[in-house]
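Q: Got a minute to walk me through this one? I'd like to start with the rings, then the sheets and the helices.

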Amino acid sequence: MKKLGVITSGGDAPGMNAAVRGTVRAAIGRGVKVCGFLHGYRGIIGEEIWEMDSKSVGGIISQGGTVLRTARSEEFRTKEGRDQAMEILRENEVEGLVVIGGDGSLTGARTLYEEYGYPVVGVPGSIDNDISGTDFSVGFDTAVNTALEAIDKIRDTAYSHERVFVVEVMGRMNGFIALEVALASGAEAVLIPEVPFSLLHICENLKQARGRGKRSSIIVVAEGAARASDIKEFIQRNTGFEARYIVLGHMQRGGSPTSFDRVLALRLGALAANRLISGYQGEMVGMEGGKLVAHPLSYVLSTERMIDPEKLLLVDVMAQ
């Protein structure tokens, strides 16, 4: 292989820049040229090419977001759009592609591999941590720590004013961020899309806690489970306690990545480049049990990552 490409696609995640850095420098170290395509798959179709060298990724390891930018591409979802993308890749002599992104991005990579036999290797980049084949996706640790820092400050106010605070974190389809944040912040309850919940039961628990002398509480909710504003109103109506809500929103996507995310991203980016250059394709790299691994994209995208029920139980136990 003489030249490979790299894109970041879909939702941005802290650590994507570190993954790009790992990809570029590992490839250059093996004598392979690298070009980045701006704006993901849309940039391939539009031929937005950045010929990259080692200096291109200098100083980006600590930056949030992605220097390659990101976008979603409706055109790439069509056969005509993918044909055009393949034509651009071939015309520019790009012999393989490292795709850094979440479920949708990896699905696009799998399509290129299965439809055209084009060499691709994926790197899991998503704050949601809902991708199978890896214990952690790039950006998850940073998103959790960003939310945790905010909740620690909110708890000070909740204590001072003796209030219940409902904090909504990201997670439309899953509760990985919410569950991790709830445990780390000592929240009194967590609501996630995967598990049914009873607001009346939560209200009863809040009343019992108040009876034990607990004057403030934090409830963490994933955005896909319920609206924080609705929960706040329900709690006030059924307990008589003063309640507030806050939506943390997209701040969880930004910020300088944690050391964990930086190292993870570097290792996965470098592994992706090395495996692509060595002839592996149609797979995603990841980390399981502290060790670097690679799985076929067909497996990754057909397997659902599940919430750990022991963690969910632990939230209730710790709230007693």
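A: Rings of Phe, Tyr and Trp (its six-membered ring) pair if their centres lie within 6.5 Å. Keep in mind that this is a predicted model.

Q: OK, how many aromatic pairs does the structure hold?
A: The structure holds two aromatic pairs. In one of them, Tyr-41 and Phe-76, the ring centres are 4.1 Å apart and the planes stand at 15 degrees, so the pair is stacked.

Q: And where in the chain do Tyr-41 and Phe-76 sit?
A: Tyr-41 is in helix 2 (residues 40–45), and Phe-76 is in the loop between strand 3 and helix 3 (79–91). The two are 35 residues apart, and the pair links distant parts of the chain.

Q: Switching to sheets. What is the strand order in the open sheet of seven strands?
A: The order is 3-2-1-4-5-10-11, and the pairing is mixed. Strand 3 (49–52) and strand 11 (291–296) are at the edges with a single partner strand each, so each has one side without a neighbour in the sheet. From one strand to the next, the twist averages 25 degrees.

Q: In which sense do strand 1 and strand 4 pair, parallel or antiparallel?
A: Parallel, over four bridges, between residues 3–8 of strand 1 and residues 97–101 of strand 4. The bridge partner of Ile-7 is Val-99 in strand 4.

Q: Which strands does helix 4 touch?
A: Helix 4 (residues 103–116) packs on that sheet and touches strand 4, strand 5 (120–124) and strand 10 (283–288). The direction of helix 4 makes about 155 degrees with that of strand 4.

Q: What about the open sheet of four strands, what order there?
A: That sheet runs 7-8-6-9, with parallel pairing. Its edge strands are strand 7 (189–191) and strand 9 (243–247), each paired on one side only. The twist averages 20 degrees from one strand to the next.

Q: How many bridges between strand 6 and strand 9?
A: Five, in the parallel sense, with strand 6 covering residues 164–169. Glu-168 stands opposite Val-247 in strand 9.

Q: Which strands does helix 5 lie across?
A: Helix 5 (residues 140–161) lies across strand 6, strand 8 (217–222) and strand 9, at about 165 degrees to strand 6. Helix 8 (residues 228–239) also packs on the sheet, touching strand 6, strand 7, strand 8 and strand 9. The direction of helix 8 makes about 170 degrees with that of strand 9.

Q: Now helix against helix. At what angle do helix 7 and helix 8 cross?
A: Roughly 55 degrees, with the axes of helix 7 (residues 199–211) and helix 8 coming within 10 Å. That angle makes helix 7 oblique to helix 8. The crossing is right-handed.

Q: Which residues meet there?
A: From helix 7, Leu-199, Leu-200, Cys-203, Leu-206 and Lys-207; from helix 8, Ile-231, Phe-234, Ile-235, Asn-238 and Thr-239. The residues of this contact divide into seven nonpolar, two polar and one charged.

Q: And how far apart are the axes of helix 6 and helix 11?
A: They are 10 Å apart, and helix 6 (residues 176–185) packs with helix 11 (residues 309–318) at an angle of about 40 degrees. Helix 6 is therefore oblique to helix 11. Their crossing is left-handed.

Q: What makes that contact?
A: Leu-179, Glu-180, Ala-182 and Leu-183 of helix 6, with Lys-311, Leu-312, Leu-314 and Val-315 of helix 11. The contact residues are six nonpolar, no polar and two charged.

Note on methods:
Residues numbered from 1 in each chain as written. Predicted model: local features only at pLDDT ≥ 70, side-chain atom pairs only at ≥ 80, totals over all residues. Heavy atoms only, no water. Axes fitted to C-alpha atoms, helices over the stretch in contact; angles between N-to-C directions. Parallel < 35°, antiparallel > 145°, perpendicular 65-115°, else oblique. Left-handed = near helix turned anticlockwise from the far one by under 90°. Contact = heavy atoms within 4.5 Å. Nonpolar A, V, L, I, M, F, W, Y, C, P; charged D, E, K, R; others polar. Pairing = 2+ DSSP bridges. Phe/Tyr/Trp six-rings, centres within 6.5 Å; stacked < 30°, edge-to-face > 60°.
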